[in-house]
Amino acid sequence: QETVQPHPHPIPKNSRIPNVTIINVVLLIGLLVLYALNFLPDRQDSAEATSPQAKEEISAMADIIADGAFNIAFVHSDTLMNQYKLAIRMRDEFEAEQRRLENTLQRRQQAFQEEVESFQRQAQLGLITRENAQVKEQELMLQQQELIQLNDTYANRLMAKEMEMNLELYQRITDLLERFNQEMGYDYILGFSPGGGILYAHEQHDITREILNRLNNEYDASN
């Protein structure tokens, strides 16, 4: 499983179900091969050189691999984030808040720029005394600092909002997966996404549609 990172874009691939990779099975096969290479005698040696205990251990490991070491399923994390109704609503709300804050900041910056240009014209035309010019310069410097702080405040607000959204999505999804797994009994439910830790997953283990339907049904029932 993986995991909403905060920045002013749609809810990202930031909020993902934590991953446990299927490489565990590959490693188990590798251990079997390594065991055979290091502890079994060469073909030239007599069959009696292989101890009964070694034969039993290798046979047991082979049985585990043949039977399937784990009961595994996976979900497409990107599909959940793109089609889960709660995620869609949260993303829309986040983008609306982002636009509102950006517009507010832009208006403030534009007003500040106009005030700076007006002051420069007055100073060039000699329409303001040196004393008043110094006072105005101090005022403009303070306004500039306030704009910088306001920009930081808005950025932090968006970051906190996205973290809250990602946390809620993660809790909703993992809660449903726990309840779902009480019925199904999987050992692992992995989160699959392009560029993630899982390079390949067979479609027969894909439970994305079932999980997505359950998530959206619960969302509809509560709204």
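A residue counts as buried when its relative accessible area is under 20%. Keep that cut-off at hand for these exercises on a predicted model.

**Exercise 1. Decide whether Ala 87 is buried or exposed, and find where it sits.**

Solution.
- Step 1: place the residue. Ala 87 belongs to helix H4.
- Step 2: apply the cut-off. The relative accessibility of Ala 87 is 0%, so it counts as buried.
- Step 3: look across the fold. Leu 169 is 82 residues away from Ala 87 in sequence, yet their C-alpha atoms are 7.0 Å apart.

**Exercise 2. Do the same for Met 81: is it buried or exposed?**

Solution.
- Step 1: helix H3 holds Met 81.
- Step 2: its relative accessibility is 5%, and therefore Met 81 is buried.
- Step 3: Arg 91 follows Met 81 at a separation of 10 residues, with 9.4 Å between the two C-alpha atoms.

**Exercise 3. Describe the protein chain as a whole: what is its pattern of helices and strands, and what percentage of its residues is buried?**

Solution.
- Step 1: count the elements. The protein chain has six helices and two strands.
- Step 2: put them in sequence order, which gives α-α-β-α-α-α-β-α.
- Step 3: turn to burial. Of the 223 residues, 29% are buried.
- Step 4: consider the surface. About 14700 Å² is exposed, and 51% of that comes from carbon and sulfur atoms.

**Exercise 4. Work out which elements build the largest nonpolar core.**

Solution.
- Step 1: recall the background. Nonpolar side chains in soluble globular proteins tend to be buried together.
- Step 2: find the best-connected members. The largest nonpolar core has 33 residues, and those touching the most other members are Leu 80, Tyr 84, Leu 169, Ile 173, Ile 207, Ile 211 and Leu 215.
- Step 3: assign the contributors. At least two residues of this core come from each of strand E1 (72–76) and helices H3 (77–83), H4 (85–124), H5 (130–184) and H6 (208–221). H5 gives the largest share, 12 residues.
- Step 4: check for a second cluster. Another core of five residues lies apart from this one, and its members include Ile 72, Leu 190, Phe 192 and Ile 198.

**Exercise 5. Compare the spans of H4 and H5 with the expected values.**

Solution.
- Step 1: take H4. Its 40 residues should span 58 Å at 1.5 Å a residue, and its end C-alpha atoms are 58 Å apart, so the two values agree.
- Step 2: take H5. Its 55 residues reach 80 Å between the first and last C-alpha, close to the expected 81 Å.
- Step 3: see what comes next. Gly 126, just after H4, has a positive phi of about 70°, and Gly 185, following H5, has a positive phi near 70°.

**Exercise 6. Characterise the packing of H5 and H6: what is the angle, and how far apart are the axes?**

Solution.
- Step 1: the angle is about 120° and the axes are 11 Å apart.
- Step 2: the crossing of H5 and H6 is right-handed.
- Step 3: list the contacts. Residues of H5 including Ile 173, Leu 176 and Phe 180 take part, and on the H6 side the partners include Ile 211, Arg 214 and Leu 215.

Conventions: Residues numbered from 1 in each chain as written. Heavy atoms only, no water. Helix = DSSP H or I, 4+ residues; strand = E, 2+ residues; numbered from the N terminus. Buried < 20%, exposed > 50% of the residue type's maximum accessible area, 1.4 Å probe, protein only. Areas by Shrake-Rupley, 256 points an atom, 1.4 Å probe, with all protein chains shown as cover. Core = buried A, V, L, I, M, F, W, Y, C linked by side-chain atoms within 4.5 Å. Expected span 1.5 Å × (residues − 1). Axes fitted to C-alpha atoms, helices over the stretch in contact; angles between N-to-C directions. Left-handed = near helix turned anticlockwise from the far one by under 90°. Contact = heavy atoms within 4.5 Å.
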